[in-house]
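Here are my notes for a colleague opening this entry for the first time. Please read them with the structure on screen.

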Protein chains: 2
Amino acid sequence: MAAPTHAVSLAEKFGLFAEPWSPKVVGEFNDLLVKVVKAKGEFVWHRHDDMDEIFLVTKGRLTIQLREHDVVVCPNEFFVVPKGTEHCPTAHEECEVLLFEPAGVVNTGNAAASDLTAPVDPWI
Amino acid sequence: MAAPTHAVSLAEKFGLFAEPWSPKVVGEFNDLLVKVVKAKGEFVWHRHDDMDEIFLVTKGRLTIQLREHDVVVCPNEFFVVPKGTEHCPTAHEECEVLLFEPAGVVNTGNAAASDLTAPVDPWI
């Protein structure tokens with residue numbers, strides 16, 4: 001694979017869409033996708049049984065509700081939700097988050113499909 | 001694994017060390033380590049034959065020299081050096097970079113061990 005000629009700007013990518021809770025793919029390395037997602041309001045309680053999920057916040061303030069406590073993630077902070085752990089991300093104001101996931105992850109995990117279930121792995 | 005109770009602050013982690021070109025582990029998810037590294041001056045030409053390498057800049061300006069062109073990576077931008085691609089990171093002013101790598105990666109890749117070769121996977 002030839003090296004691309006430019007870096008990827010997260011600000012530019014976040015400017016391409018508005019809808020919350022709908023991760024978009026902006027890069028890949030090895031077997032992992034780099035995704036951007038906007039968070040606003042409350043998502044849905046769910047878990048990913050086979051995957052630790054990392055949330056790296058670049059703008060705003062993300063609250064990750066866990067069953068035993070909440071975790072607040074501010075810009076330039078990250079949090080890893082261990083596999084199998086129920087969680088519900090929430091953001092009072094819109095925030096911007098970076099995810100690193102293998103291909104094929106459904107954003108709502110084990111929760112019933114709903115309006116919050118986003119297309120899987122769309123590139124922007 | 002129980003979920004930790006707090007997010008990891010990159011600013012706090014970057015404040016714990018000064019030396020450039022010496023990646024420190026600050027988290028892990030699935031089979032990947034989250035590392036922080038400070039860049040200053042010119043590193044060494046090298047490649048990683050088995051691993052794409054992602055550079056996510058959080059502060060400063062990183063120039064990644066490739067054999068055919070240079071790529072400048074500014075804050076909130078990332079660049080992926082494809083596996084097998086020779087590269088030499090350079091920073092005129094100190095900059096802060098996030099890496100995501102499996103355990104065991106030697107920072108200088110295929111280059112001869114030198115003063116720039118850092119300890120492998122120290123946690124901070």
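The points below deal with the two chains, how they meet and how they are related.

1. Status. This is a predicted model. Please keep that in mind throughout, as local features are reported only where pLDDT is at least 70.

2. Extent of the interface. Chain B puts 40 residues in contact with 40 residues of chain A. The buried area between the two chains is about 2900 Å². Carbon and sulfur atoms give 68% of that area. On the side of chain B, the residues that lose the most area to chain A are F29(B), N30(B) and F78(B). Together these three make up 21% of what that side buries.

3. Polar links across the interface. How many salt bridges join chain B and chain A? The count is zero. Polar contacts do cross the interface: eight residue pairs are found, both residues being at pLDDT 80 or more.

4. Which elements take part. Many elements of chain B each supply at least two residues to the side that touches chain A. Among them are helix 1 (10-14), strand 3 (32-42) and strand 8 (87-101). By residue type, this side of chain B divides into 25 nonpolar, nine polar and six charged.

5. Strand pairing between chains. Strand 7 of chain A (residues 77-81) is joined to strand 1 of chain B by two bridges. The two strands run antiparallel. E77(A) has S9(B), in strand 1 of chain B, as its bridge partner.

6. Symmetry. Chain B superposes on chain A after a rotation of 180°, with 0.0 Å of shift along the axis. The RMSD is 0.0 Å. The two copies are therefore related as by a two-fold rotation axis. The same surface serves both copies, as 100% of the contact residues of chain B recur in chain A.

7. Salt bridges overall. The whole structure has ten salt bridges over all chains. One of them is formed by the side chains of K35(A) and E101(A), at 2.8 Å from N to O. This pair links distant parts of the chain. K35(A) lies in strand 3 and E101(A) in strand 8 of chain A, 66 residues apart.

Technical notes
Residues are numbered from 1 along each chain as its sequence is written. Chains are lettered from A and ligands numbered from 1 in the order in which they are written. Side-chain values use heavy atoms; hydrogens and water are left out. Contact means heavy atoms within 4.5 Å. Buried area is the accessible area (1.4 Å probe) that two parts lose on being put together, summed over both. A salt bridge is a side-chain nitrogen of Lys or Arg within 4 Å of a carboxyl oxygen of Asp or Glu. A polar contact is a pair of N or O atoms within 3.5 Å; within protein, one must be able to donate a hydrogen and the other to accept it, and residues adjacent in sequence count only if both atoms are side-chain atoms. Helices (H or I, at least four residues) and strands (E, at least two) are DSSP runs, numbered from the N terminus. Ala, Val, Leu, Ile, Met, Phe, Trp, Tyr, Cys and Pro count as nonpolar, Asp, Glu, Lys and Arg as charged, and the others, Gly among them, as polar. Two strands pair if DSSP finds at least two bridges between them. Copies are superposed by least squares on the C-alpha atoms of residues with pLDDT of at least 70 in both.
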